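Here is a short report on one protein model. It covers charged pairs, nonpolar cores and a sheet, in that order.

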Amino acid sequence: MGEPAEPEPHHAADAEEFVAAMRHLKRRSGLTYRQLEERAAERGDVLPRSTIADVLSGRTMPRPDLLTAFVRACGSGEQEAEWLRARERIIQSRAAGPSRSPAAARRRVRRRVLVPAAVIAAALGGTVILTWGTTWGTGREEMMSGSATGPSRASTLDSATACRLSGCRDKDPERYECLYDGKHISGLKTQYGLIDLFHSPTCQALWAEVSNEPGLVSVYLKSDDGVALTAPRDRLRASAASQGSMVRTPMLPSRNAPRHAQVCVAYRELEACTGSDNVTRVKPYPSRDA
């Protein structure tokens, strides 16, 4: 039997099932990521294809504006409220504690991967050992503690708050799930592709996404506080879900929604900048023949 004609987000028990319903909706639309991005833009929505590809490739809940733009672009705008209600229900359930549904428990058991853990600290004169290991095959790090005479106890870190402010500096927003509530601050399209600036209220950090074009040299990112970083091309992280068409910078601390943050991208032939103050510019470099 095939999938139902229309995805039913209200049946999703957790983030994984919700994202699976989103993938079903995309398949039903028959649209590529690029086509979804273009259709959203026609409606005045922002739907970066690299960001939605990242969401659909994992188990991370999309932020509300991204979900709304996605549902509309897929041609199911009349179900927008239903998708948002289902998302809010899952978010609230996750905040209240881990899912106890039998289906979720079975998935956790199936996905669990036992890996060697390296000892990183030991209490002086005691038996408590702290180790780091990978849990559930998701790439998240789990801190485990236990005694030599009893079973170890594992507690998964809340990845949405695994870093914050200065703790996020130079870290990858995807690994620390800052993409989860990332808000699109500013964007620019040049002859080389897209430049987008994002901010996560939870992680309180900024980052930028740019098209991975051959002429890309480096990305300069500056926060409201004047803190800045310059990331050469080899420091940019490619998005596997976008098949390398987009790359992201490391993060910069940014406590509040930025008002004067800026990202500038240096290409071989021009510099392009966009910022939260809605000021954009494209500055071609002087011709070598001039």
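The structure holds 11 salt bridges. A salt bridge here is a side-chain nitrogen of Lys or Arg within 4 Å of a carboxyl oxygen of Asp or Glu. This is a predicted model: local features need pLDDT of at least 70, side-chain atom pairs count only at pLDDT 80 or more, and totals for chains, interfaces and linings use all residues. Residues are numbered from 1 along each chain as its sequence is written, and side-chain values use heavy atoms, with hydrogens and water left out.

**Charged pairs**

Side chains of opposite charge can pair when their charged atoms come close. The table lists three such pairs.

| Acidic residue | Basic residue | Closest N and O atoms | Apart in sequence |
|---|---|---|---|
| Asp 45 | Arg 72 | 3.2 Å | 27 residues |
| Asp 172 | Arg 237 | 3.4 Å | 65 residues |
| Glu 174 | Arg 248 | 2.4 Å | 74 residues |

Burial is set by relative accessible area: buried means under 20%, exposed over 50%, and partly exposed in between (1.4 Å probe, protein chains only). Helices (H or I, at least four residues) and strands (E, at least two) are DSSP runs, numbered from the N terminus.

Take the Asp 45–Arg 72 salt bridge. The pair links distant parts of the chain: Asp 45 sits in the loop between α2 and α3, and Arg 72 in helix α4. Asp 45 counts as buried because its relative accessibility is 16%. Arg 72, at 29%, counts as partly exposed.

Next, Arg 237 pairs with Asp 172. Arg 237 belongs to strand β10 (residues 237–238), while Asp 172 is in the loop between β4 (153–156) and β5 (183–190). Arg 237 has a relative accessible area of 46%, so it is partly exposed. Asp 172 has 12%, so it is buried.

The third pair is Glu 174 with Arg 248. Glu 174 lies in the loop between β4 and β5 and Arg 248 in strand β11 (residues 246–248), so the salt bridge ties together parts that are 74 residues apart in sequence. Glu 174 is partly exposed at 32% relative accessibility. Arg 248 is buried at 1%. Both belong to a network of salt bridges that also links Asp 54 and Glu 209.

Glu 82, in helix α5, has no such partner. Glu 82 is buried yet has no salt bridge; the nearest side chain of opposite charge is Arg 85, 5.5 Å away. For charge, Lys and Arg count as positive and Asp and Glu as negative; His and the chain ends are not counted. Contact means heavy atoms within 4.5 Å. Not counting residues up to four places away in sequence, Glu 82 touches Pro 9 and His 10.

**Nonpolar cores**

In soluble globular proteins, nonpolar side chains tend to be buried together. A nonpolar core is a set of buried Ala, Val, Leu, Ile, Met, Phe, Trp, Tyr and Cys residues joined through side-chain atoms within 4.5 Å. The largest one has 27 residues, and Phe 18, Met 22, Leu 47, Ile 52, Phe 70 and Trp 83 have the most contacts inside it. The elements giving two or more residues to this core are α1 (15–29), α2 (33–42), α3 (49–57), α4 and α5 (80–96). Apart from it lies another core, of 21 residues, among them Leu 221, Val 265, Leu 270 and Ala 272.

Helix α4 (residues 64–73) is mostly covered, with seven of its 10 residues buried. Among them is Phe 70. Beyond four places in sequence, Phe 70 touches residues including Met 22, Leu 36, Leu 47 and Ile 52. After α4 comes Gly 75, with a positive phi near 90°.

**The sheet**

Five strands form an open antiparallel sheet in the order β9-β8-β13-β14-β15. Two strands pair if DSSP finds at least two bridges between them. The edge strands are β9 (228–232) and β15 (280–284), each pairing on one side only.

Where does β14 sit? Five of its six residues are buried, so β14 is largely enclosed by the rest of the structure. Strand β13 (residues 262–267) pairs with β14 over five bridges, and Val 265 is the bridge partner of Ala 272. The two strands form a hairpin with two residues between them.

On its other side, β14 (residues 270–275) is joined to β15 by five bridges. Leu 270 stands opposite Pro 284, and Thr 274 opposite Thr 280. This hairpin has four residues between its strands, and Asn 278 in the turn has a positive phi of about 65°.
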